[in-house]
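Q: Please take a close look at a single part of this structure: the surroundings of its aromatic rings. One connected account, leading from the overall architecture to the individual side chains, would be preferred.

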Amino acid sequence: MGSTKVSDEMMQLVLANVAPCTLPADAYGADPMRWAATRVPVWAWVTWPHRAAERVAGWATGWNDRVVAVAWETDRGERNTVVWRSAVTRRDPAMG
């Protein structure tokens with residue numbers, strides 16, 4: 001049998017690039033999004049199609065009464081998604 005090293009490396013690359021789940025625009029409701037002039041530090045629960053939900057230290061970039069647009073840094077650059085407002089809490093940046 002041949003080596004699976006290339007296949008394993010490719011699988012890890014593909015999985016690292018899977019986008020997080022994001023809410024559809026219909027979930028936003030009637031209240032318009034308010035976009036932040038300065039990003040607000042938050043903890044946010046982000047869901048993925050291929051693994052368990054993950055709590056990330058990020059920034060709220062916009063919100064309304066139902067949803068929050070969240071951005072966070074990864075080793076591959078900045079990621080972002082839209083999550084339910086209940087999945088986000090403010091974060092003290094000095095605490096992590």
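A: Two strands are taken as paired if DSSP finds at least two bridges between them, strands being DSSP runs of E of at least two residues and helices runs of H or I of at least four, numbered from the N terminus. The model is a predicted one, in which local features require pLDDT of at least 70 and side-chain atom pairs pLDDT 80 or more, while totals for chains, interfaces and linings draw on all residues. Residues are numbered from 1 along each chain as its sequence is written, and side-chain values rest on heavy atoms, with hydrogens and water left out.

The protein contains one helix and five strands, following one another from the N terminus as α-β-β-β-β-β. The five strands form an open sheet in the order β4-β3-β2-β1-β5, with antiparallel pairing. At its edges stand β4 (77-84) and β5 (88-90); each has a single partner strand, so one side of each lacks a neighbour in the sheet. Within this sheet, β2 and β3 run antiparallel and are joined by four bridges. One residue that can be followed across to β3 is W59, whose bridge partner there is A71.

Strand β3 (residues 67-74) also carries W72, a member of the one aromatic pair that a search of the whole structure finds. Its partner is W48, and the arrangement is edge-to-face, with 6.4 Å from centre to centre and 90 degrees between the planes. (Rings of Phe, Tyr and Trp, the last by its six-membered ring, pair with centres within 6.5 Å; planes under 30 degrees apart are stacked, over 60 edge-to-face, the rest tilted.) Because W48 lies in the loop between β1 (34-46) and β2 (54-63) while W72 belongs to β3, the pair ties together parts that are 24 residues apart in sequence.

Both members of the pair are buried: W48 has a relative accessible area of 8%, and W72 has a relative accessibility of 4%. (Buried is under 20% relative accessible area, exposed over 50%, partly exposed in between, with a 1.4 Å probe and protein chains only.) Across the protein, 28% of the 96 residues count as buried.

The ring of W48 has a further neighbour, for the charged end of R51 sits over that ring, 4.1 Å from its centre. Another such placement involves R55, whose charged end sits over the ring of W43, 4.1 Å from the ring centre. (The criterion is NZ of Lys or CZ of Arg within 6 Å of the ring centre and within 35 degrees of the ring normal.)
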